[in-house]
Amino acid sequence: MSENDTQILPPYSPTPAAPPADPPTQGYDGQDPWRAPDYHGQPPGAPPPAAERTADAPRPRRGVALLGAVALAAGLVGGGAGAALTAGLDDNGSQSNNPSTSTSLAGAPASVTGSAAEGSVEQVAASVLPSVVSIEVSTQQGGGEGSGIVLSSDGLILTNNHVVADAADGAGSITVTLNDGSTHKASIVGRDPVTDLAVIKADGVSGLKKATLGSSADLQPGQAVVAIGSPLGLQGSVTSGIVSALNRPVRTGDDTGAESGSTVIDAVQTDAAINPGNSGGPLVNLNGQVVGINSAIASLGSSSGGQSGSIGVGFSIPIDEARTIAKQLIDSGSAVHAQLGVSVQNSSASGSSVFSDGAAVAAVTNGGAAQKAGLPTGAVITKVGSRTVDSADALIAAIRSHQPGDKVTLTYVQGGSTKTLSVTLGSDAATS
């Protein structure tokens with residue numbers, strides 16, 4: 001990958017942790033007068049004597065290696081804090097015996113009064129978590145994990161296509177874990193690779209809490225949002241942040257430039273931390289309404305080719321688009337999308353510039369919407385309605401934010417002149 005990449009959030013695939021390094025075996029050489037005392041005659045850093053070890057320590061479960069490392073780090077921090085607190089109390093030992101001196105250590109722990117504030121992250125999490133599930137896919141080649149939201153009380157669940165694609169056509173199995181910890185087998189109802197969305201159905205469930213779907217059209221940059229899902233397999237994780245930007249064209253497929261050749265998300269950008277395993281989980285506003293489906297992250301690139309973590313640049317499919325696609329998947333198992341009927345490429349005033357000035361029309365499809373409206377080959381499209389188009393991907397994302405049959409106004413440049421054109425968008429139903 002390049003130095004800065006955008007990638008779909010891969011299903012989380014845990015890997016075993018590397019074994020710890022061998023402990024030092026050399027004794028104290030007497031050369032360092034400031035060295036800490038030995039532990040029971042052992043050199044510093046060495047394990048406790050064999051008699052003090054637990055004989056049959058349980059092996060960590062698959063996927064919990066990270067938790068072990070986190071717990072160890074917390075233990076070290078806690079130990080240091082405890083030592084500092086003890087030293088502080090020892091420094092004031094003459095006061096600790098004075099019955100007239102009161103400290104914050106005396107008495108019962110303070111209790112929290114009242115419930116979580118309306119619109120707080122705590123309140124949103126409590127409301128939305130029962131509608132979020134963890135999804136695990138198992139195949140002969142391995143497997144991965146993602147997230148999803150409950151659409152119906154009898155188990156319809158919306159997620160990303162790339163979360164469940166490996167299980168399509170009987171190639172693998174899907175297991176859904178509900179918020180209460182119960183697990184259920186699931187099957188695919190419909191998938192749409194173009195928008196990276198899918199609907200699955202959990203078996204033998206009833207009475208599930210449906211997610212409340214809001215509107216992504218009402219989102220504003222700077223608006224507070226909450227992301228919920230199973231990053232790195234950690235079910236029910238909650239993070240918060242803001243909407244960083246809207247209408248971000250995010251390519252997660254190939255780079256052919258064909259209008260239907262790849263997945264280009266017309267995305268909501270957020271700095272709420274999302275990681276592999278968050279795929280398919282909800283981005284919600286502070287009213288507890290789902291406004292996006294978390295799908296992709298930007299990464300700084302990695303020569304190791306491993307899964308990248310959050311750098312505060314994540315992308316979600318707007319719920320207004322996801323709602324329309326989900327309805328089609330439930331009704332027919334597939335979905336159709338608006339098409340302009342062109343092949344496009346980036347246009348630049350300077351051939352060497354990395355900045356694009358619009359989407360250049362390389363070819364017009366016979367019988368397509370663009371040809372019917374009279375859009376010429378070679379035109380450079382700069383706007384769809386009031387929305388600026390500065391690249392080929394931006395045009396694809398703008399068109400896919402509409403529905404077949406919608407009328408849009410294109411602004412384009414040709415021969416140094418700026419012109420406008422009204423186009424009634426077509427559909428890819430004939431070719432899907």
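In the predicted model, Arg387 has a relative accessible area of 18%. Because this value lies under 20%, the cut-off for burial, Arg387 is classed as buried. The residue belongs to strand 18, which spans residues 387–388.

The surroundings of Arg387 draw on several parts of the chain. Apart from neighbours within four places in sequence, Arg387 is in contact with Asn247, Asp266, Thr382, Ala394, Ala397, Ala398 and Ser401. With one of these residues, Asp266, a polar contact is formed between the two side chains, at 2.5 Å. A further pair concerns Leu410, which lies 23 residues from Arg387 along the chain; the C-alpha atoms of Arg387 and Leu410 are separated by 9.6 Å.

The contacts of Arg387 include Ala394, Ala397 and Ala398, and these three alanines are among the buried residues of helix 7. Helix 7 covers residues 392–400 and is mostly covered, with 9 of its 9 residues buried. The buried set also includes Ala392, Asp393, Leu395, Ile396 and Ile399, together with Arg400.

Arg400 in turn takes part in the lining of the largest cavity. A search of the whole structure identified 2 cavities of 30 Å³ or more, and the largest has a volume of about 60 Å³. Besides Arg400, the lining of this cavity comprises Thr195, Glu321, Thr324, Ile325, Gln328, Val336, His337, Ala338, His402, Gln403 and Pro404. Helix 5, formed by residues 319–332, gives the most to this lining, with 4 residues. In terms of residue class, the lining of the largest cavity divides into 4 nonpolar, 6 polar and 2 charged residues. The charged residues are Glu321 and Arg400.

The second largest cavity has a volume of about 40 Å³. Its lining consists of Leu129, Val132, Val133, Ser134, Asn179, Gly229, Ser230, Gln235 and Gly236. Strand 2, which runs over residues 132–139, gives the most to the lining of this second cavity, with 3 residues. By class, the lining of the second largest cavity holds 3 nonpolar and 6 polar residues, and no charged residue. The nonpolar residues are Leu129, Val132 and Val133, whereas the polar residues include Ser134, Asn179 and Gln235.

How values were computed. Residues are numbered from 1 along each chain as its sequence is written. This is a predicted model: local features need pLDDT of at least 70, side-chain atom pairs count only at pLDDT 80 or more; totals for chains, interfaces and linings use all residues. Side-chain values use heavy atoms; hydrogens and water are left out. Helices (H or I, at least four residues) and strands (E, at least two) are DSSP runs, numbered from the N terminus. Buried means under 20% relative accessible area, exposed over 50%, partly exposed in between (1.4 Å probe, protein chains only). Contact means heavy atoms within 4.5 Å. A polar contact is a pair of N or O atoms within 3.5 Å; within protein, one must be able to donate a hydrogen and the other to accept it, and residues adjacent in sequence count only if both atoms are side-chain atoms. On a 1 Å grid over the protein atoms alone, a cavity is a set of points where a 1.4 Å probe fits but cannot get out, and a pocket is an open set with protein on both sides within 12 Å along at least five of seven lines; lining residues have an atom within 4 Å of a point. Grid points are joined across faces, edges and corners, and a volume is the space filled by probe spheres set on the points.
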